[in-house]
Structures are given as C-alpha cells and as structure tokens.
Amino acid sequence: MPPGARLPSEADLGPRLGVSRATLREAMKLLEQDGLIHTGHGSGRYAAAALRVERPITTYESIRQMLSRQGSRAQVLEIRRELPSAEMPKVLALSSGMEVIRIARLYRHDDKPLVFCIDSVPASLLPGLPTAEDLVASLNDLLDRHGCRPLMSTANVAVTMLPRGSRPTLPAARSASRSSAPARSTT
C-alpha cells in the first residue's frame, strides 16, 4: 500500500477477513503505535511513509552483514544434511535426489531474539558438513572459500510465533513474549 493511501474501515475489513471490529480496532491501534499507519481524526486511517532503505538494493549483502552492522550477533543452532522440501529443487536448480545442507541460526540484539534464520544450500557446494566454527564469519564467506560466492539471493521473511515444541531448543526464546516474536527468514 503506498504511503498516504486511505485504509478501509473496520466495518469493511471485518467481514472480508472474518475478524471482529474490536479485534481490528486493536490491531489498528498497534500499527499506529508502531508508526506504520496514522489516523486523520474524522477522515480515517492512512498508510504511513514508506520504510527507509539504508543501502542500495543493487549491492548484495547477507542478512548476517546487515544485522551485524546493527549490533546483532548470530548463534548457530543446527547444521544438518537433508532432502529438500518440495519447492527447493526448482528454486535451487537441484537434480533428483540431491541433498541440501540446512543451517538454522538465531540472531539476537541486546540478548533478545530478533531473527530465526534457516538457510538451505545445495550439499554439492560444500564438501562435508560445515561446523559452527566454519560459519563464524558468514555463510557467504564459507561458500567463497569453496569457489561459489553468491551474487544474489532470495529471502522469504515473515513474522511468526515459533512452534511450541521448538522453543526450548532456542536459548532465551522461551521467555519471548507474543509481542516480540522473532522474524523467520528462509534463504
């Protein structure tokens, strides 16, 4: 939605989304508190100004580089070989039966969980299974050492609550409140 665009009212949105007007009002208040929308008294709610991009989109930069510059640190939670999910062979140009290496990391800022990231890399690009020490610098640096530094990537980012069963495996995520859910990024 472009900045300045008028948002539909709760009466219009409620039936389309199957949500009560009270729930929508509360959601709108939270969006306004976060600066994503603003209310013109008597005229409705409007999308706030666009988010500011602090780097050119023509420059490739890993999520680790972006978050490290902001003072966040990464913790490797899991590294394993596995068969790819249904959509991965097409996205990663994998032949039938090829495995991927799945790397799960948790980025923290001020000791609070910020981003839970899962990277899937064709196993053929990395001989053996990397260790957490191999990933101290970045996944891009590890790939570069093996002669295949990426020039671009695709990331799907969504804010989500971690499944209840996975919380104990994520240090300090156990105490995360519903309002501070980490973003989940799959690259």
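The exchange below takes up a predicted model of a protein chain and asks about its elements, its cores and two residues of strand β4.

Modeller: Residues are numbered from 1 along each chain as its sequence is written, and side-chain values use heavy atoms, with hydrogens and water left out. As this is a predicted model, local features need pLDDT of at least 70 and side-chain atom pairs count only at pLDDT 80 or more, while totals for chains, interfaces and linings use all residues.

Biologist: How many helices and strands does the secondary structure of the protein chain come to?

Modeller: Helices (H or I, at least four residues) and strands (E, at least two) are DSSP runs numbered from the N terminus. From that end, the elements run α-α-β-β-α-β-α-β-β-α-β-β. The totals are 5 helices and 7 strands.

Biologist: What share of the 187 residues of the protein chain counts as buried?

Modeller: Buried means under 20% relative accessible area, exposed over 50% and partly exposed in between, with a 1.4 Å probe and protein chains only. By that cut-off, the buried share of the 187 residues is 29%.

Biologist: Which element gives the most residues to the largest nonpolar core?

Modeller: A nonpolar core is a set of buried Ala, Val, Leu, Ile, Met, Phe, Trp, Tyr and Cys residues joined through side-chain atoms within 4.5 Å. The largest one has 10 residues in all, including Ile101, Ile103, Val121, Leu139 and Cys148. Two or more residues come from each of β4 (100-109) and α5 (139-145). The most, 3 residues, come from α5.

Biologist: Which residues of the largest core are in contact with isoleucine 103, leaving aside its neighbours within four places in sequence?

Modeller: Contact means heavy atoms within 4.5 Å. With those neighbours left aside, isoleucine 103 touches Glu78, Ile79, Cys117, Ile118 and Asp119, as well as two residues that also belong to the largest core. These two are Leu135 and Leu139.

Biologist: Is arginine 102 buried or exposed?

Modeller: Arginine 102 has its place in strand β4, and its contacts beyond four places in sequence include Ile79, Arg80, Glu82 and Ile118. With a relative accessible area of 15%, arginine 102 is buried.

Biologist: What is the distance of the polar contact that joins the side chains of arginine 102 and glutamate 78?

Modeller: A polar contact is a pair of N or O atoms within 3.5 Å; within protein, one must be able to donate a hydrogen and the other to accept it, and residues adjacent in sequence count only if both atoms are side-chain atoms. For the side chains of arginine 102 and glutamate 78, the distance is 2.3 Å.
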